Each structure stands twice: as C-alpha cells, then as structure tokens.
Amino acid sequence: MRATVLHAPGDIRLDTLPDPDLQDDTDAVVRVVAACVCGSDLWPYRGVNAAKEPSQIGHEFIGVVEKVGSAVAAVQVGDFVIAPFLYSDNTCAHCAAGVQTSCVNGGGYAGCQAELVRVPWADGTLVTVPGPVDEALLPHLLTLSDVFPTGHHAAISAGVTAGSTVAVVGDGAVGLSAVLAAKRLGASTVIAMSRHAPRQEVARSFGGDHIVETRGKEGAEAVKEILGGIGADAVLECVGTTDSMKQAFRAVRPGGTVGYVGMPHDVELNVPVMFYLNTGLRGGVAPVRAYLDELLPDVLSGAIEPGKVFDQTLPLDQVADGYRSMDERTAIKTYLSL
Ligand SMILES: [Zn+2]
C-alpha cells in the first residue's frame, strides 16, 4: 500500500509499504476513503518531537471495513466507519468512565495517511455510519475522527452550557471547531480570537458572535469589554503554549473554567492566581469515542457542518504539499482524498 512516512523533520514522503493485516481476532483492516493532516502532526514535522527513524504518520481517517477478525461482531466487511484517532476496547473501567483515551487495551494506529489501516479492538473503536453515505458528507464525517470532538471536548471540559459566554483562544481547525461546539451546546456569546480573515470567516459561519484580533493582555481586555467587564464563563484554549494559556486565564471570569485541548508544550500555570480567582482548568486529550454517539446524528442531519475547517483538498500523493501548507498556515486544514 501507499502510506505517508516522515523520514526526517520537513521530509514527508508517500512510500510503498506492506499491506497491514489482521493480527488479533478483535482487529479490523480498514480501506481509507479520506484522511487529513492534524496540527499535532506538525510537531514531529517541525522536529519538535523528532522521529529517530522513518515512521508512518497520521491519525485521522474514515473508510470502509475490508477485513474483520473472528471475534469482531459489531462491525462488518463493507461498513463505512469513523475511526477515533486512538483505538479502545470501550469496555474497561476507563472506557466506561468516558476516558477511552486511557483504555487499558488502547493505543494509536501505525499511521493513517495511508491506503489501509489495521484497527485493533474494532468493535470498541469503530463507529458505523448507516449507508449509503453521501459524498458531500465525507469532510464533515472525517472531522469526527478528531478535530470536531476535540473542540467539543474543550467546551464540555469548560462546562459550556445553554447561555454560557465563551472565548476561544486559537484559530486553527480545533479552535474553529470549538466555536461550533460551543454554539451547538447553546452558548449565548462566543468570541473567536483570530487575526486571519479566512479563519474569522469560518468562525463566523460556525456561529461566532465576535472576533477579537488582539492577543495577550490586550486580547483578554477586549474579551472582557465585550462581556461587560467580567470575562468569559468558559475559555477554550486550543493552542498549547504558555502564551495561549496565559491569555485564556486572563480572559476567564472569576469562578470560570478554562477548557484546554491544545497539546501542551512547556505550559506553565499560575496556581496562586487560579486559587484567588477560583478559576478552574480541565481538559486534555479528547476521548473522541465517548462523544461520537452524540455528535454523529447532528452531522448526518446537516445540523452542523464541521467539515468547513477543510480549506485545502489534495490527493494522497500530494500529502507533502498538505504538510507544507499547514506548516506555513496557508491552509487551515488539509483534506486528503484517496
Ligand atoms: Zn478500555
């Protein structure tokens, strides 16, 4: 099969590798219909989490089941499926508690920007989309593999509910997804923090009520000003740097919560300030599988169109261009068509 391999920082290639096969009777092999490039793929691409040797990359995909092991019951050959970016048995104590990302049998795939993917614990991991699947839905369905549930996780972690005031730090695909997720949960006011016109446009199409272009202290002040000088009930931190976390805590109201889903890199917290302002921090890596039963119907009905985060579509053999565009921020998110 053809598969995307990171050879060294900045060096993405489409290589020919052996087809993955069933290894355990709980496995499935899925033929990928569409995959995409994630902001977190850019960390190893930039050499921050450097790969020591060439390794397959990518973790978001949708596809059609090609093979199943003898113990697989819920998923059948030919099913169109969404794959959460981590696999899980969906039966252990952590899965039962909605933290499938900590599944005792869980883990990550070998790499999903590829033609075929071996999925361990297929019954616990894959979610079948009732067919026939309309091609126009593919981008929206693909976001359910990671980016939209991650934005949703930020909103859930921050306690967003009907009537909440929300500010979103980060205008990448996750931040934009968080705008949509907050609106879907009934937030009364959502402020997107972005200085890039095309991203502002997506934020508005996702229901964002206000755009704040400034950052840091100034940006937080602008958020407070919009919200009567008080600050946001919930701030969704979708970047993962010390600056973005500081900005989030400056924009949240006393007693409010920051929901964070940006993969943290050297983030420091000011716990004494959190103490005196009773501000909370909750979030982490999104347990996508926990949210799919709730989110999939809204995508199928057309109630939400989270696939608007894709502003570049490339065939798999141009995957290196997709990485370059996302690294240079000329694309919000790249959709890879197979
Ligand atoms: Zn589990």
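This report walks through the domains, sheets and helix packing of a predicted model.

## Two domains and where they meet

Let's start with the overall layout. The protein splits into domain 1, made of 2-146 + 287-337, and domain 2, covering 150-283. Taken over C-alpha atoms, the centres of domain 1 and domain 2 sit 27 Å apart.

Where the two touch, 14 residues of domain 1 are in contact with 14 residues of domain 2. On the domain 1 side of that contact, H11 gives the most, with 3 residues. The residues on this side of domain 1 break down into 6 nonpolar, 3 polar and 5 charged.

## H5 against H11

Helix H11 spans residues 288-300, and it packs with helix H5 (residues 147-157) at an angle of about 95°, with the two axes 10 Å apart. Angles of 65 to 115 degrees count as roughly perpendicular, and H5 and H11 are therefore roughly perpendicular to each other.

Who does the touching? From H5 come Phe-148, Pro-149 and His-152, and from H11 come Val-288, Tyr-291 and Leu-295. Sorted by type, the residues of the contact of H5 with H11 are 5 nonpolar, 1 polar and no charged.

## The six-stranded sheet

Next up is an open sheet of 6 strands with parallel pairing, in the order S13-S12-S11-S14-S15-S16. Strand S13 (210-212) and S16 are its edge strands, each pairing on one side only. On average, neighbouring strands of this sheet are turned by 20° against each other, direction ignored.

At the S13 edge, strand S12 (residues 189-193) pairs with S13 in the parallel sense over 3 bridges, and Ile-191 has His-210 in S13 as its bridge partner. At the S16 edge, strand S15 (residues 252-260) and S16 pair in the parallel sense over 4 bridges. Here Gly-259 has Arg-282 of S16 as its bridge partner. Arg-282 also fits into an alternating pattern along S16 (residues 280-283): Arg-282 and Gly-280 point to one face and are not buried, while Leu-281 and Gly-283 point to the other and are buried.

## Helices around that sheet

Helix H6 (residues 173-184) lies across S11, S12 and S14, and runs at about 170° to S11. Over 145 degrees counts as roughly antiparallel, so H6 and S11 are roughly antiparallel in direction.

How much of helix H9 (residues 242-251) is buried? The count is 8 of its 10 residues, so H9 is largely enclosed by the rest of the structure. The buried residues are Ser-244, Met-245, Lys-246, Gln-247, Ala-248, Phe-249, Arg-250 and Ala-251. What do these buried residues of H9 pack against? Their neighbours are strand S11 (165-169), helix H8 (216-226), strand S14 (232-237), S15 and helix H10 (271-277).

## The three-stranded sheet

There is also an open sheet of 3 strands, ordered S2-S1-S4, with antiparallel pairing. Its edge strands are strand S2 (11-16) and strand S4 (55-56), each of which pairs on one side only. Strand S1 (residues 2-8) is joined to S4 by 2 bridges, and the two run antiparallel. Val-5 stands opposite Gln-56 in S4.

Helix H12 (residues 319-327) packs on this sheet, where it touches S1 and S2. The direction of H12 makes about 160° with that of S2.

Key
Residues numbered from 1 in each chain as written. Predicted model: local features only at pLDDT ≥ 70, side-chain atom pairs only at ≥ 80, totals over all residues. Axes fitted to C-alpha atoms, helices over the stretch in contact; angles between N-to-C directions. Parallel < 35°, antiparallel > 145°, perpendicular 65-115°, else oblique. Contact = placed C-beta atoms within 7 Å. Nonpolar A, V, L, I, M, F, W, Y, C, P; charged D, E, K, R; others polar. Domains from an automatic or database assignment. Buried ≥ 20, exposed ≤ 12 C-beta atoms within 10 Å, placed from the backbone. Pairing = 2+ DSSP bridges.
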